[in-house]
Structures are given as structure tokens and as C-alpha cells.
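Visitor: I've got the structure open and a handful of labels I'd like justified. Can you take me through them?

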Amino acid sequence: MAEAQKLHPIIFTFFLLSVSLLNTSFSQPQTPSPSPSPALAPASDSCNGIFLSYNYTAGNRIPPTDPTNQAYRFESTLTVLNNGRHELKSWRAFVGFQHKELLVSASNAVLADGSSLPAEVGNGTVFAGFPMSDLKSAVETAGDMTQMEVRVGLVGTQFGVGAPNVPMPLNISLVNDGYSCHNATEQGNNEMHICCIQDTNSDSNDGIGDEFLPMQEGDLIIMYDVIRAYDDNYLAQVTISNHNPLGRLDNWQLSFDWMREEFIYTMKGAYPYVVDTTDCIFGRQGQHYKGMDFSQVLNCERRPTIIDLPPTRANDSILGRIPFCCRNGTILPPLMDPSKSKSSFQMQVYKMPPDLNRTELVPPQNWKINGTMNPDYECGSPVQVSPSQFPDPSGLPSETVAIASWQVVCNITQSKVAIPRCCVSYSAFFNDSAIPCNTCACGCNGNPSQTCSATEPALLLRPDALLIPFENRTVETLEWANLNRRTVPNPLPCGDNCGVSINWHLLSDYRGGWSARITIFNWGENSFSDWFTAVQLDKAVAGFEKVYTFNGSVLLGSNNTIFMQSPPGLNYLLAETNGANPKKDPRVPGSQQSVISFTKKSTPGINVAKGDGFPSKVLFNGEECALPTILPNKAPRISAATSIFGFLTLALLLLMQ
């Protein structure tokens with residue numbers, strides 16, 4: 001009883017508290033808890049075109065420590081999504097890197113300029129899709145993102161941007177023709193996106209819906225045609241065609257990257273620069289093709305280099321008998337000889353799993369081509385085009401169609417750091433001295449400061465000294481400087497180091513016209529066959545009359561360039577040879593010479609001596625030559641006899657060769 005009495009106050013207190021809380025809940029309205037905000041729609045949802053995004057994901061400092069130029073690893077993702085109505089073929093996207101980036105790896109893409117990784121991309125670069133080069137639309141795939149979108153994982157090194165800063169690119173954009181991109185939008189400090197809309201008025205969209213992209217134009221076109229296909233190998237024909245009137249290749253070397261562990265079994269019309277099967281024997285190829293005799297395989301390099309065959313192999317039953325093959329790697333401009341403006345070869349390519357199906361055909365990537373003394377070419381990524389057609393090999397009036405064809409477009413590029421391989425000297429009838437090629441015009445060897453100066457300008461010469469190799473003309477140079485009372489630096493300027501030099505001599509200038517003489521010197525060990533040169537005269541070509549020794553004319557489609565080529569019987573510019581007495585006489589360059597005449601009727605006001613009679617650009621075999629930085633002036637002459645003697649000696653020595 002006592003225990004119950006003790007519990008009554010506790011129960012009563014608990015009752016009052018419960019009633020109080022209950023009254024409070026009924027007397028005061030409840031404040032609803034805020035509902036979660038709806039998730040923001042992805043930025044891609046508002047894009048009805050091609051959506052691109054760049055997302056920086058990670059990075060860290062890497063050795064060595066360098067406070068002034070610290071290196072950092074970066075990881076990022078480039079996303080390309082087709083939200084448009086039509087398929088995007090051979091997508092290409094630009095990323096404006098700006099922090100001296102060195103790209104080490106890129107998944108699902110290659111560099112569109114043909115560079116292999118690692119590659120410097122600090123000035124921005126274009127990516128091309130590989131192996132998924134085409135992005136289908138949501139309409140034709142029912143929204144299948146695996147066919148609409150590609151994510152490119154990028155890993156590389158950048159310099160100077162450490163945490164908390166983020167090394168973002170300057171901009172991103174779609175490079176494909178027929179699209180216009182808005183300004184890129186930044187989201188936070190690590191993401192950038194942009195929407196590119198198809199321009200319905202663009203001519204590039206005329207072929208929308210076609211199975212293949214149209215053929216493109218370029219200075220050099222490489223066709224990769226698969227003409228036979230089997231489960232584990234295929235036969236490809238590679239054709240290189242020159243389409244530039246001033247482009248040319250000598251001893252061409254072609255290289256590319258196999259992306260799927262392919263290897264070259266046999267070839268016709270060309271040959272690997274290195275015959276090497278090591279990678280096959282010790283690699284996956286040897287494990288898969290256990291019964292193959294790899295001594296018969298030509299090349300297993302991931303990046304082989306291919307060279308042309310000599311003419312003596314043209315009718316070889318094993319290596320030759322391919323149209324347009326076997327010319328020592330010479331490809332001429334089409335205006336010189338259309339039949340010699342292309343080169344072709346075939347190769348049997350073996351594939352690796354999982355591509356053992358006759359329909360699995362993947363062209364090599366990262367194409368490069370160059371010659372011995374020719375312009376530099378930059379090649380794009382292969383683009384699948386309509387299958388090529390070839391004349392039936394049986395001679396019947398029918399066409400044979402390739403199984404699949406890809407086009408690689410290469411264009412001449414002028415690198416800022418490229419070193420010329422030819423140079424030009426100037427002389428004129430009104431000046432006793434010739435202006436030689438620039439000091440180190442074609443580069444200087446090693447450390448020239450110990451023996452000669454790479455910065456001092458070249459010393460003026462007596463004209464006939466141009467015939468003497470640089471290393472043998474020191475005495476003549478010093479005598480001429482002393483005769484003209486000119487200061488001689490110590491050490492003397494270095495030579496031009498060019499294999500080919502061209503002298504442009506202003507021969508005459510009178511009321512009704514003027515004339516010039518061009519002389520080409522070959523200081524190298526190899527002769528040039530079927531050579532050509534082109535001279536750009538910005539104000540004088542309208543008055544061009546005739547080239548007397550060479551075959552020359554105004555370049556088709558140009559109003560400022562004269563094209564000259566070797567005439568029949570003089571198509572060889574010979575190599576440098578020994579003098580009459582090798583023990584005491586200097587070596588003699590191979591040379592050819594011609595006079596060019598002009599009229600002033602079509603060029604009123606032309607000032608020949610003040611610069612209009614000197615070229616603004618000179619090319620030899622497609623290679624742009626270094627020009628002097630000064631022109632001859634009408635300074636007082638030492639004597640007419642000296643000038644006449646110098647030029648007559650030059651002409652006489654040339655005629656005697």
C-alpha cells in the first residue's frame with residue numbers, strides 16, 4: 001500500500017506533462033520540413049547539337065622540384081556527345097591547352113595532326129575519334145549513349161599551375177565543318193562546356209545522311225584501300241598523290257602507327273626501312289600465330305617506316321609490278337608530269353584477336369611523310385570515304401571496287417623552328433659585290449662560337465667567289481674586304497651550310513625592260529633529277545617574257561610566280577665533284593644557269609633596282625629557301641673592269657663545267 005501511494009505523484013506528474021504536450025501540439029500549427037531541391041538538369045540537356053565538355057579530375061606535383069618551372073601531372077576527361085538529329089562522322093574536337101602541356105596518353109582518340117604520343121600540345125591540339133570515329137544520334141539509336149557519346153581520358157604533364165589553381169584550357173570547340181560553336185561556359189573552376197549547332201546554310205551539310213564523308217582536298221592525298229579481306233589478314237593498297245603545283249617529294253619515307261597489334265607479312269612496290277620481326281616473336285603475335293614462319297614476315301614494328309623501291313625493281317615478279325611504284329621515292333608536281341605525281345604500293349597485313357573477322361578493318365593512324373629536301377607535311381587522321389574504284393587487272397572495260405577506303409589528307413606546313421635546306425644570294429650589274437647567303441642560313445653545326453661567329457652577318461664577296469666552297473673562300477673574302485676597306489670581324493662569320501644555293505643576279509635594267517640571271521648550285525653529294533625552282537616576284541611577273549635555258553612559265557593560277565624546270569637533256573643537277581687537281585683545287589658544285597627577260601610595258605612604275613627586281617620567295621624542289629636580309633645598292637663601284645671581270649669569270653666557269 002505504501003508503495004502504491006509513492007507511485008501516485010509520479011503517475012500524476014507524467015499525466016499532466018502528457019496533456020500539456022498534447023495541447024501544445026493541437027494549439028500550434030506544424031511547420032513543414034523543407035523538401036529537397038530538385039537536381040539541376042545536366043548542361044547537355046539544353047544542347048540540341050554537339051555537346052563538348054572538359055573536366056579536370058586530378059593532378060599532383062611530380063619531380064624534379066623546380067620553383068621557376070614546376071611540373072605537375074594532370075588528369076582530365078573530354079566528352080563529346082551527339083544531341084543533334086544527324087550522325088556526326090569523323091568527329092574532331094579542339095582543346096586549347098595553354099600551360100606547356102605534354103600529353104602522355106589519350107583513350108578513345110588520337111591527335112589529328114598525326115603526332116604520336118607523348119606529344120607537346122601547349123599551343124592547343126585537335127583530337128580525332130579512334131576507334132569510335134562516328135557518333136550516332138539519339139533518334140537512330142533510341143538514346144543509346146554508348147553510340148552517341150565518347151569520353152576521352154587524358155593524362156599528361158603541365159607546367160607552372162599548382163593547387164589550388166586548376167590548369168584549364170583556354171577554350172574547347174568542335175572542328176568539323178558545318179558547325180558553329182557558342183562561347184564556352186565554365187562551371188566551377190574545373191569544368192568547361194560548349195554547345196555546337198549545325199549550320200543548315202553551310203555547304204558542308206549537303207551530304208548529310210550519306211553513308212560516307214565526301215573526299216577532301218589537300219596538298220598530298222594518301223588513300224588506304226583494302227582490296228582483299230580474310231578473317232585474319234587483308235591486302236591493302238596505299239596510293240600517295242601530289243596535288244600541289246609546287247609540292248614534291250624525293251626519297252619519300254612514310255610512317256604510321258598500328259593500333260591493333262597488326263604486322264606486315266609481305267609487300268609489293270615498296271619495302272620497310274627496317275626488316276624486323278622481334279616484336280612478333282617475343283609478343284602476342286608469336287603466341288597467337290604459333291605455326292607461322294616469322295622469317296618470312298617483313299616488319300612487326302608498331303610504327304614502321306616504308307620506303308620506295310628503285311626503278312630496277314619495277315618489273316620484279318616478287319616486289320614490283322605495281323602501277324606507279326619504284327621511282328626511288330620521287331613524286332613530282334602534276335604540272336611537270338602527271339604520270340609521276342603519284343606513288344603506290346601494296347602490303348599484306350595480319351590482324352590480331354579480337355579482330356579476326358573479315359569485316360573488322362582498322363586503318364593505321366598517325367601518318368607522317370617526308371623527303372630529303374622537300375617541304376614538311378602535316379597529315380590528318382584517316383577518314384572513311386566511298387570505296388575507291390580501280391581498272392580491272394584483267395584488262396576488261398570494267399571497274400574493281402575496294403572493300404573499304406580511307407583518305408588521309410596532308411598539307412604543307414611551315415614550322416617556326418624548321419631550318420631551311422637551301423638559300424639565295426643576290427648580285428646586280430650596278431654593284432661589284434655579291435650578297436652571299438645568310439650566316440647559318442641552313443643551321444650551324446654544334447657550337448660554332450669556337451671557330452666562327454653564328455651572329456655576324458655574312459661578308460660581301462666578289463661574284464666569282466660564289467663558285468668556291470665556303471671553306472675554301474676565306475682568302476678571297478679577306479682580300480675583297482681589304483680592297484673595299486671593310487671591317488672584318490674576329491672570328492669570321494660561319495657559312496650558310498646549305499646543300500643548294502641559288503644566285504639571283506640583276507643583269508640589266510633599261511627603259512623598256514630588264515633581265516635577270518638565275519644560277520643554281522648543288523653543294524651536296526647527290527644529284528637532283530627532274531628538278532624545279534619557283535621564283536615569286538610580287539610586282540614584276542606581269543611583264544614576264546621568256547626563260548632562255550630552262551623551261552619556264554607563269555605558274556598556273558598565280559600572278560606573281562614563275563615556275564622553271566629542267567629541260568630535256570638537262571634534267572640532272574649534278575652533285576659536287578672534285579676540281580681538276582684535287583690536291584690543290586677546291587671542289588666544284590654542280591650548277592645550271594638561265595637568263596630571264598621582262599618587259600616594262602605591263603608594269604609601269606616598277607623600280608627594279610630598289611627591290612621589285614628581286615624575289616620575295618624562292619623555292620627549290622618545293623623547299624622554301626632562305627633569302628638575304630639586304631639588297632645590292634648603287635654604291636660607288638671600284639672599277640668597271642673589276643666588275644666585268646668578276647661576272648665574266650663566273651659565267652665562263654659555269655660554261656666550262
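Visitor: Which residue is the bridge partner of Leu506 in β28?

Guide: That's Ala516. Keep in mind that we're looking at a predicted model.

Visitor: What makes β27 and β28 a pair?

Guide: Two strands pair if there are at least two bridges between them, and β27 and β28 are joined by 9, so they count as paired. They run antiparallel and form a hairpin, with 3 residues between them.

Visitor: And how do you know that β26 pairs with β27?

Guide: Same kind of check: 7 bridges link β26 to β27, against a cut-off of at least two, so this is a pair as well. Here the strands run parallel. For a spot to look at, find Cys423, which stands opposite Ser501 in β27.

Visitor: Why is β27 called mostly covered?

Guide: Buried means under 20% relative accessible area, and 7 of the 10 residues of β27 are buried, so "mostly covered" is fair.

Visitor: What does β27 supply to the largest nonpolar core?

Guide: At least two residues. That core has 36 residues, and Ile502, Trp504 and Phe620 touch the most other members. Other elements that each supply at least two residues include β28, β35 and α7. A separate core of 32 residues includes Tyr234, Met267, Met347 and Val408.

Visitor: Which residues is Trp504 in contact with, leaving aside its neighbours within four places in sequence?

Guide: Among them are Tyr426, Ala516, Ile518, Leu537, Ile596 and Phe614.

Visitor: Let's move to Ser343. Why is Ser343 called buried?

Guide: Its relative accessible area is 2%, and the cut-off is under 20%, so Ser343 is buried. You'll find Ser343 in strand β19, residues 342–350. Beyond four places in sequence, Ser343 touches Val238, Thr239, Ile240, Trp252, Asp308, Phe324 and Ile331.

Visitor: What makes the link between the side chains of Ser343 and Trp252 a polar contact?

Guide: The distance is 3.4 Å, and a polar contact needs a suitable pair of N or O atoms within 3.5 Å, so this one qualifies.

Visitor: One more: where is His182 found?

Guide: In the loop between β10 and β11. His182 and His193 are 11 residues apart in sequence and 9.9 Å apart in space, C-alpha to C-alpha.

Visitor: Which residues does His182 touch, not counting those up to four places away in sequence?

Guide: Ile194, Cys195 and Ile197. Contact here means heavy atoms within 4.5 Å.

Notes: Residues numbered from 1 in each chain as written. Predicted model: local features only at pLDDT ≥ 70, side-chain atom pairs only at ≥ 80, totals over all residues. Heavy atoms only, no water. Helix = DSSP H or I, 4+ residues; strand = E, 2+ residues; numbered from the N terminus. Buried < 20%, exposed > 50% of the residue type's maximum accessible area, 1.4 Å probe, protein only. Polar contact = N/O pair within 3.5 Å; in protein donor to acceptor, adjacent residues only side chain to side chain. Core = buried A, V, L, I, M, F, W, Y, C linked by side-chain atoms within 4.5 Å.
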